[in-house]
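Q: I am new to this structure and would like a close look at a single part of it, namely the aromatic cluster and what lies around it. Could you take me through that part in one connected account?

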Amino acid sequence: MASSLRGEVLNLYKNLLYLGREYPKGADYFRSRLKAAFLKNKDVKDPEKIKQLIARGEFVIKELEALYFLRKYRALKQRYYSDENQ
């Protein structure tokens, strides 16, 4: 069971690392924070606690995706719609 959780954690780390490339404060900032967060929890052995941490990581993935979609939406909106206050 520990090996399956290890695979999930590694997948989570890879996905977050991939999503962090477009982070507004920069990829280096995101990478350092991500590494610190994973190292902080490296000694957790309880499978239930690990599952909770994985669920939190998946929530962060959803939030990052929403942030990126919102940024793209705003850019498109500014490009194609004129400001109505002018």
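A: A residue is called buried here when its relative accessible area is under 20%, exposed when that value is over 50%, and partly exposed in between. With that cut-off in hand, and keeping in mind that this is a predicted model, one can begin with helix α3, whose buried residues are Ile50, Leu53, Ile54, Gly57, Ile61, Leu64 and Tyr68. Helix α3 has 34 residues and reaches 49 Å from its first C-alpha to its last, which is close to the 50 Å expected at 1.5 Å a residue.

Some of these residues return in the largest nonpolar core, which has 8 residues: Leu12, Leu16, Leu19, Phe30, Leu34, Ile61, Leu64 and Tyr68. The elements that give two or more residues to this core are α1 (2–19), α2 (27–40) and α3 (47–80). As for the record, UniProt lists residues 8–61 under "domain: Complex 1 LYR protein", in an unreviewed entry. That span is 76% helix and 0% strand in the model, and its end C-alpha atoms lie 14 Å apart.

The aromatic cluster itself comes next. The structure holds 3 aromatic pairs. In one of these, the rings of Tyr23 and Tyr29 have centres 6.1 Å apart and planes at 15 degrees, and because planes under 30 degrees apart count as stacked, this pair is stacked. Tyr23 also forms an aromatic pair with Phe30, and here the arrangement is tilted, with 5.2 Å from centre to centre and 45 degrees between the planes. Together, Tyr23, Tyr29 and Phe30 form one aromatic cluster.

The members of the cluster can also be described by their accessibility. Tyr23 has 24% relative accessibility and therefore counts as partly exposed, and Tyr29, at 30%, counts as partly exposed as well. Phe30, by contrast, is buried, because its relative accessible area is 11%, and Phe30 is also one of the residues of the largest nonpolar core.

The contacts of Tyr23 and Phe30 show what surrounds the cluster. Tyr23 is found in the loop between α1 and α2, and, leaving aside its neighbours within four places in sequence, Tyr23 is in contact with Tyr29, Phe30, Leu64 and Tyr68. Of these partners, Leu64 is 41 residues from Tyr23 in sequence, while the two are 8.2 Å apart in space, C-alpha to C-alpha. With its own neighbours within four places in sequence likewise left aside, Phe30 is in contact with Leu16, Gly20, Tyr23 and Leu64. Leu64 therefore appears among the contacts of both Tyr23 and Phe30, and it is listed among the buried residues of α3.

Charged side chains complete the account of this part. Side chains of opposite charge can pair when their charged atoms come close. The structure holds 2 salt bridges. In one of them, the side chains of Glu22 and Arg71 meet at 3.5 Å, N to O. This pair links distant parts of the chain, with Glu22 in the loop between α1 and α2 and Arg71 in helix α3, 49 residues apart. Glu22 counts as partly exposed at 38% relative accessibility, and Arg71 counts as partly exposed at 37%.

In another salt bridge, Asp28 is joined with Arg31, and their closest N and O atoms are 2.8 Å apart. Asp28 and Arg31 both lie in helix α2, 3 residues apart, which is about one turn of the helix. An α-helix has 3.6 residues a turn, so residues three or four places apart point the same way. Asp28 is exposed, with a relative accessible area of 57%, whereas Arg31, at 41% relative accessibility, counts as partly exposed.

Methods
Residues numbered from 1 in each chain as written. Predicted model: local features only at pLDDT ≥ 70, side-chain atom pairs only at ≥ 80, totals over all residues. Heavy atoms only, no water. Phe/Tyr/Trp six-rings, centres within 6.5 Å; stacked < 30°, edge-to-face > 60°. Buried < 20%, exposed > 50% of the residue type's maximum accessible area, 1.4 Å probe, protein only. UniProt positions renumbered as here; feature names shortened; annotations may be inferred. Helix = DSSP H or I, 4+ residues; strand = E, 2+ residues; numbered from the N terminus. Core = buried A, V, L, I, M, F, W, Y, C linked by side-chain atoms within 4.5 Å. Contact = heavy atoms within 4.5 Å. Expected span 1.5 Å × (residues − 1). Salt bridge = Lys/Arg side-chain N within 4 Å of Asp/Glu carboxyl O.
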